[in-house]
Structures are given as C-alpha cells and as structure tokens.
Amino acid sequence: MSTGRAGHVARSTVRPYSETSRRAPFRTFLHTADGISIDSVYDPGAVVYDAGRPSSRDLVFVIAHGFTGDVDRPHVRRIARAFAQYGAVVTFSFRGHGASGGRSTVGDKEVLDLAAAVEWARSFGHARVATVGFSMGGSVVLRHAALHSPEGSGREGRTEAGTDAVVSVSAPARWYYRGTAPMRRLHWLVTRPEGRLVGRYGLRTRIHHREWNPVPLSPVEAAPRIAPTPLLIVHGDRDGYFPLDHPRMLATAAGDHGELWLEPGMGHAEHAATDELLARIGDWVLSRPG
C-alpha cells in the first residue's frame, strides 16, 4: 500500500466482482495537532463485495482504548477483530501509552489523539466513521464528538476530524469521581509520584504530573452537544469503577439522540465486553443512517 504525505495512506481501489477480501493491517505513527506521535494501526477488515459494491466498505471504526491500554494489548486486539467483521478498523495508543509519545493526561489532550486517528481513517476513503471508546476512551469519544460537531466546531456540517456515530462504553459522567475502591486506586496512581512510577514501569503508561488547567468539558456536559450525531451509551450493571448513575446521567443529558444499554452481569470496559455485545454494537453502528 502506497503512502502519501506523512501519516496518511492513499485511498485503495475496490475490485468489481463478488468476493470476501482480507488485506494485511498497515501500521504507522500519526502526529497530533500538538506534535505528539501516536502509534496507529489500520485494518481494512473483512470486506464483503456483492456485485461490485462493498456492503460495509464505507464504514471504519476508530477504537479508543481505556487507561493503561495500548494498541498491542490482547484485549484491544480482540475488540479490533470483532469490529473488523463490520468494516475497517483503526486502533491506536493514546499519548503516554505503549509506543506513542508524550504523557497521559487521563482524558484531556487525548481528544487530539482521537482527532488525528479519525482524520487518518477518513484518508482511506471511508465515508462513515464510528468512534467507539472504553472507560477513559469512552469519555474521550464523547468530548471529541461534541468538539467536532457542527455546533462545537462553529461550522456547517461535519469536520474531517468529526464522527458519524459514537459509542461510549463504561465511561464516567463526571470528573474526579472517587466513590469506588478502583477509582481511589486510580487517583493514587495519577496524582502521587510513587503511583506514576508504578504506571510507568508496571503498566507501560507514562502519566503527566500536571493537574488539568483548565478543567476540560466533562462527559455529561459533552453529551447534549453531540446531537444530531447518533450516540450509544453502554454500561454494565456490575461495573466496579462507575455505578449506574453515571450512564443514566449521560443518557439524560443526551436526550432523544442518545440510546442507553444497561448490560446485565457486565463489568468494566473492554475486558467485560462479550463477543455478543460487540456484535450488537457493530449491528447498531451499521444500522445508523449516514
């Protein structure tokens, strides 16, 4: 596959006969608006052709992983394989994670990472982009969609970094939540020097020492600004990090353009997402207009 300008790939051609095509993934480093290098993978997926017209060739999923994940983690690869049955897939490591540069800001500057990944996904010729985020990534897809909506961008229509459908899984509704033991441990990891050492050497995650200034738009503030982009909020009723008031707050804020799935027996984020749930999410995205 030939490359164009740095970090972008030329559009591929569609073969005009019926077959199932499976091409090799393509890996590169993207660069964000603030100059951070982001380790990224494009998987063309299992594209099914019918009489010269691909059934899902126009769709690409951009996956935003949770805190301490990265593009090479087995649970992230499993998510990518599941959505590759529905369209192409872009996965990437947020800043401070894996081989990406910079340091994690735990959901603030990460919207720039996602914007770079979405622009790269569109450069392959896909007409529709769906962003799917888990936990921290779930908060990032909400803020990203709000910032790149016609209202948020101050423009007519969608921007090149904008999205056509949003799926937020196991996301918080508000910042600084410490109401569960896992979240208290996470705050220790992020705010204490010894915690950041554990993050760097034990979890392959480099965490920025500075506090947010200014505090970014919260997920619950972002949710109503996503309209008219379709929004799906998914949350488990056994989530150990964020109780059910979080998804309910998000759904209430989203109003009519948001849909809420409360999953019985589900825990938190990628590890708890079953293949059956991922298939339902894929079907939901395919059924959205656009």
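1. A quick definition before we start: a residue is called buried here if its relative accessible area is under 20%. Keep that cut-off in mind for helix α8, whose buried residues are His246, Pro247, Leu250, Ala251 and Ala254. These residues sit on the same side of α8, because they cover an arc of only 130° around the axis. What lies over them? The cover includes α3 (136–147), α7 (219–222), β10 and β11.

2. Now a step back to the whole chain. What you have in front of you is a predicted model, so please read every point in this note with that in mind. The chain has ten helices and eleven strands. Of its 290 residues, 55% count as buried. Its accessible surface comes to about 12600 Å², and 52% of that belongs to carbon and sulfur atoms. If you look at contacts with a separation of 6 or more, 75% of them are between residues 24 or more positions apart.

3. The thing to find next is the open sheet. It is formed by eight strands, and going across it you meet them in the order β2-β3-β7-β6-β8-β9-β10-β11, with mixed pairing. At the edges are β2 (26–31) and β11 (258–263), each of which pairs on one side only. On average, neighbouring strands of this sheet are turned by 20° against each other, ignoring direction. As a general reminder, strands of a sheet pair through backbone hydrogen bonds, and they do so either parallel or antiparallel.

4. Two pairings are worth a look. Strand β8 (residues 128–134) runs parallel to β9 (residues 165–169), and the two share five bridges. To spot one of the partners, go to valine 132: its bridge partner in β9 is valine 167. Further along, β10 and β11 also pair in the parallel sense, over six bridges. There, glycine 236 has glutamate 263 in β11 as its bridge partner.

5. Back to α8, now seen from the sheet. Helix α8 (residues 245–254) packs on the sheet and touches β10 (231–236) and β11, and its direction makes about 160° with that of β11. Together, β10, α8 and β11 make a β-α-β unit, and that unit is right-handed. Just past the end of α8 comes glycine 255, which takes a positive phi of about 70°.

6. Another helix to trace is α10 (residues 275–287). Which strands does α10 lie across? They are β6 (59–64), β8, β9, β10 and β11, and the helix runs at about 170° to β11.

7. Is alanine 64 buried or exposed? This residue belongs to strand β6, and it counts as buried because its relative accessibility is 0%. Leaving aside residues up to four places away in sequence, alanine 64 touches Phe92, Phe94, Val132, Gly133, Phe134, Gly137 and Val141. Threonine 91 is 27 residues from alanine 64 along the chain, with 7.1 Å between their C-alpha atoms.

8. Finally, have a look at alanine 181, which lies in helix α5 (residues 181–191). Alanine 181 is described as partly exposed because its relative accessible area is 32%. It also has a partner from elsewhere in the sequence: tyrosine 241 is 60 residues away along the chain, and the C-alpha to C-alpha distance between the two is 7.6 Å.

Technical notes. Residues numbered from 1 in each chain as written. Predicted model: local features only at pLDDT ≥ 70, side-chain atom pairs only at ≥ 80, totals over all residues. Heavy atoms only, no water. Pairing = 2+ DSSP bridges. Helix = DSSP H or I, 4+ residues; strand = E, 2+ residues; numbered from the N terminus. Axes fitted to C-alpha atoms, helices over the stretch in contact; angles between N-to-C directions. Contact = heavy atoms within 4.5 Å. Right-handed = clockwise from strand over helix to strand, strands pointing away. Buried < 20%, exposed > 50% of the residue type's maximum accessible area, 1.4 Å probe, protein only. Arc of directions from axis to C-beta. Areas by Shrake-Rupley, 256 points an atom, 1.4 Å probe, with all protein chains shown as cover.
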